[in-house]
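Visitor: I am new to looking at protein structures, and I would like a close look at one part of this one. Could you walk me through it slowly?

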Amino acid sequence: MPPSRSQIRPGLTVDIVQKQDQPTGKLTRGVVAALLTKSPTHPHGMKVRLTSGQVGRVQAVVGAQG
């Protein structure tokens, strides 16, 4: 199960799946800039925007930046 909203905060390094990568499941790693999903949980993962500007659903939390 993907991480819940309480487990994700700006500055964390995460693996996301972008919309266009959902069929293949290709993951993109980046640092969370903003949480876009308001609900506490989501079955496909919380939607976030990375510092790179990419948007996707969090599949795993990798760790803190720095």
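Visitor: Which residues does isoleucine 8 touch, not counting residues up to four places away in sequence? Please start there and take me onward through the core and the strands around it.

Guide: Happy to! Keep in mind that this is a predicted model. Leaving out residues up to four places away in sequence, isoleucine 8 touches Pro3, Val32, Leu35, Met46, Val48, Val58 and Val61.

Isoleucine 8 also belongs to the largest nonpolar core, a set of ten residues. Its fellow members are Leu12, Val14, Ile16, Val32, Leu35, Met46, Val48, Leu50 and Val58. Strand S1 (12-18), S2 and strand S3 (47-50) each supply at least two residues of this core. With three residues, S1 gives the most to it. There is a general idea to remember here: in soluble globular proteins, nonpolar side chains tend to be buried together.

Now pick out one core member, leucine 50, which is found in strand S3. Leucine 50 has a relative accessibility of 1%, so it counts as buried, the cut-off being under 20%. Not counting residues up to four places away in sequence, leucine 50 touches Val14, Ile16, Arg29, Gly30, Val31, Val32 and Ala33. Val14, Ile16 and Val32 are also on the list of core residues. For a sense of distance, look at lysine 38: it is twelve residues from leucine 50 along the chain, and their C-alpha atoms are separated by 16 Å.

Follow the contact from leucine 50 to arginine 29. Arginine 29 lies in strand S2. Its relative accessible area is 55%, so arginine 29 is exposed, which here means over 50%. Beyond its neighbours within four places in sequence, arginine 29 is in contact with Thr13, Val14, Asp15, Leu50 and Val62. Among these, aspartate 15 deserves a pause: arginine 29 and aspartate 15 are 14 residues apart in sequence, while their C-alpha atoms are 4.4 Å apart in space. Their side chains are joined by a polar contact of 2.8 Å.

Aspartate 15 itself is found in strand S1. Aspartate 15 is buried, with a relative accessible area of 11%, whereas its partner arginine 29 is exposed. Apart from residues up to four places away in sequence, aspartate 15 touches Leu27, Thr28, Arg29, Arg57, Val58, Gln59, Ala60 and Val62.

That list brings us to threonine 28, which sits in strand S2 (residues 28-35). Threonine 28 is buried, at 10% relative accessible area. Setting aside its neighbours within four places in sequence, threonine 28 is in contact with Val14, Asp15, Ile16, Gln18, Asp21 and Gln54. With glutamine 18, there is a polar contact of 3.1 Å between the two side chains.

Glutamine 18 leads to our last stop, since Gln18 is one of the residues that line the largest pocket. The others are Val17, Lys19, Gln22, His44, Lys47, Val55, Gly56, Arg57 and Gln59. S1 and strand S4 (55-64) are the elements that give two or more residues to this lining. The largest share, four residues, comes from S4. By type, the lining divides into two nonpolar, five polar and three charged residues. The volume of this pocket is about 160 Å³.

Methods:
Residues numbered from 1 in each chain as written. Predicted model: local features only at pLDDT ≥ 70, side-chain atom pairs only at ≥ 80, totals over all residues. Heavy atoms only, no water. Buried < 20%, exposed > 50% of the residue type's maximum accessible area, 1.4 Å probe, protein only. Polar contact = N/O pair within 3.5 Å; in protein donor to acceptor, adjacent residues only side chain to side chain. Contact = heavy atoms within 4.5 Å. Core = buried A, V, L, I, M, F, W, Y, C linked by side-chain atoms within 4.5 Å. 1 Å grid on protein atoms, 1.4 Å probe; cavity = no way out; pocket = protein on both sides within 12 Å on 5 of 7 lines; lining within 4 Å. Points joined across faces, edges and corners; volume = space filled by probe spheres on them. Nonpolar A, V, L, I, M, F, W, Y, C, P; charged D, E, K, R; others polar.
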